[in-house]
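I set aside some time today to look at one strand and one helix. Here are my notes, in the order I made them.

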Amino acid sequence: MKKPSVLQTILSILLRVVVVALIMGCLGIASFQGVTKYLTGSFYDFRESPDEGEEQSEKAEATTQAPVDESTVENILLFVDGRDGMAQYMILSMINTETNAMDLLFIPENAQVQVSKNLQKALSKRMDGISGTVRFRDIERAYAGEERYEMLNEILEETMGIKLDGWDHMTADKAVDFLDTVDHVTMNLNDPVSYRDTEGILHQIDEGEVQISGKEAFAYVTYLDGTSAQESNRLTRTNTYFEKFVPRLLSKKKASGIVENYQASVESSEDRNMDAFTSVLKAAKGTDFLTMRIMQGSEAGDAYEIDSQKVQLQIATLMQQSASYSSGNALGNDSDDDSDEISFDEDSGDSKDLAIEIYNAAYVQGLASEWSYYLEDEGYNISLVDTYQDEGPISTTRIILRRDGIGGDLLRYFSGADVSVGEIDTGGDIQIYVGTDHTHVGTSE
């Protein structure tokens with residue numbers, strides 16, 4: 001047998017190296033994607049579908065093609081102090097002064113964001129220990145007033161394209177006073193809540209239907225439960241509480257009274273103007289003018305990593321929705337405004353032979369799976385189970401129908417759901433986006 005030449009030997013070795021490298025590269029990519037999905041999929045991933053990449057491109061393209069007049073949008077950053085053992089709040093309020101719509105973006109207390117080297121260098125001149133990853137809580141604790149506002153303004157503008165128009169600061173005691181504007185809010189709690197008052201005395205709010213005061217409400221939306229998902233749980237509780245608080249506030253107080261109480265509760269920047277806030281409340285009919293979302297990102301350890309690109313898309317989407325808002329049309333509803341009225345009641349058809357997709361849109365781990373098991377036991381065909389988190393937790397369950405006249409039997413499980421007919425490109429006949437109003441699996445509450 002002829003001995004291979006030196007050149008052939010070298011080429012053979014190189015070929016083997018290339019093959020091994022390719023295999024290792026594929027395994028590495030697969031492992032990274034698997035770990036990322038495992039760590040972030042439970043709460044914060046975008047809904048995934050076969051056309052996910054195309055969908056995101058279309059959304060980005062639509063955002064580029066339909067720019068919003070940002071001169072009509074006022075961005076205010078609200079700081080709310082916590083108490084011992086309770087977290088602080090930072091909330092971005094975006095008010096469209098032309099349409100009188102308002103969006104609130106909750107920024108997790110443990111949020112952090114990647115900044116450029118130039119911004120890192122500029123920030124490090126004012127604060128020691130600043131790295132390429134900036135934690136908002138570090139800035140909140142180190143600074144107050146205009147200096148804190150200016151630093152956060154620089155970070156938000158560079159990473160998310162948000163230019164702030166002012167800030168409000170509310171102490172814990174003032175926050176309690178403002179929440180007490182409505183005397184109490186009736187809530188259904190799945191678990192008891194413990195908290196300490198200003199004198200350090202331990203109190204407990206029992207589970208079940210309870211009427212909670214401002215002090216109890218503040219504990220409910222700020223305490224951390226010690227679990228790995230404590231920040232997600234806290235922000236979900238906030239969303240649940242405020243969907244009860246806002247309509248009660250509007251029914252109890254006139255717009256001028258609400259603004260007066262709010263102004264008495266906050267310390268504001270010199271350039272802060274309450275006119276837009278007043279106009280929104282005066283024009284409010286129901287609660288459709290308001291949406292509440294959580295800034296896009298993912299939890300990893302004790303930090304919440306904000307995804308700047310997703311947040312930019314999230315903000316652009318909210319701005320477009322608020323720009324097209326008119327009183328009586330709910331924000332955040334993707335159904336066509338000119339769609340025909342649909343007939344949807346418990347007598348509008350049996351859905352057990354149809355393909356039903358269930359999406360977890362409530363930030364409750366395992367909720368979609370639990371509903372799928374339950375409905376399968378009831379005889380339904382569940383074709384897809386996934387998460388839907390690009391809006392933050394939604395408070396009202398949404399049901400999308402491929403055509404009119406189907407799905408009425410699902411009302412016995414999802415009473416009060418928002419229903420519309422729309423295009424479903426994933427192969428299903430019905431899509432159910434389970435909101436925080438249906439976290440009790442198997443009941444209509």
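I began with I76 and found S93 of β2 standing opposite this residue. A reminder to myself: this is a predicted model.

Next I looked at how the two strands run. β1 (residues 73-80) and β2 (residues 89-96) pair in the antiparallel sense, over 8 bridges.

I then turned to β6 (residues 166-170), which runs parallel to β1 and is joined to β1 by 5 bridges. In that pairing, F79 stands opposite H169 of β6.

How many residues of β1 are buried? I counted 8 of 8, so to speak a full house. In general, side chains in a regular strand alternate between the two faces of the sheet. In β1 I see V73, N75, L77 and F79 pointing one way and E74, I76, L78 and V80 the other way, and all are buried.

On to helix α12, residues 367-377. Which of its residues are buried? My list reads L367, A368, W371, S372 and L375. Looking down the axis of α12, I see these buried residues fall within an arc of 135°, so they line one face of the helix. That fits the general rule: an α-helix has 3.6 residues a turn, so residues three or four places apart point the same way.

I checked what covers the buried residues of α12, and the cover includes β15 (355-360), β16 (381-387) and β19 (430-434). On the face turned away from the buried side, I noted the exposed residues Y373 and D377.

Last entry: α12 is followed by G379, and I read a positive phi there, near 105°.

Terms used:
Residues numbered from 1 in each chain as written. Predicted model: local features only at pLDDT ≥ 70, side-chain atom pairs only at ≥ 80, totals over all residues. Heavy atoms only, no water. Buried < 20%, exposed > 50% of the residue type's maximum accessible area, 1.4 Å probe, protein only. Helix = DSSP H or I, 4+ residues; strand = E, 2+ residues; numbered from the N terminus. Arc of directions from axis to C-beta. Contact = heavy atoms within 4.5 Å. Pairing = 2+ DSSP bridges.
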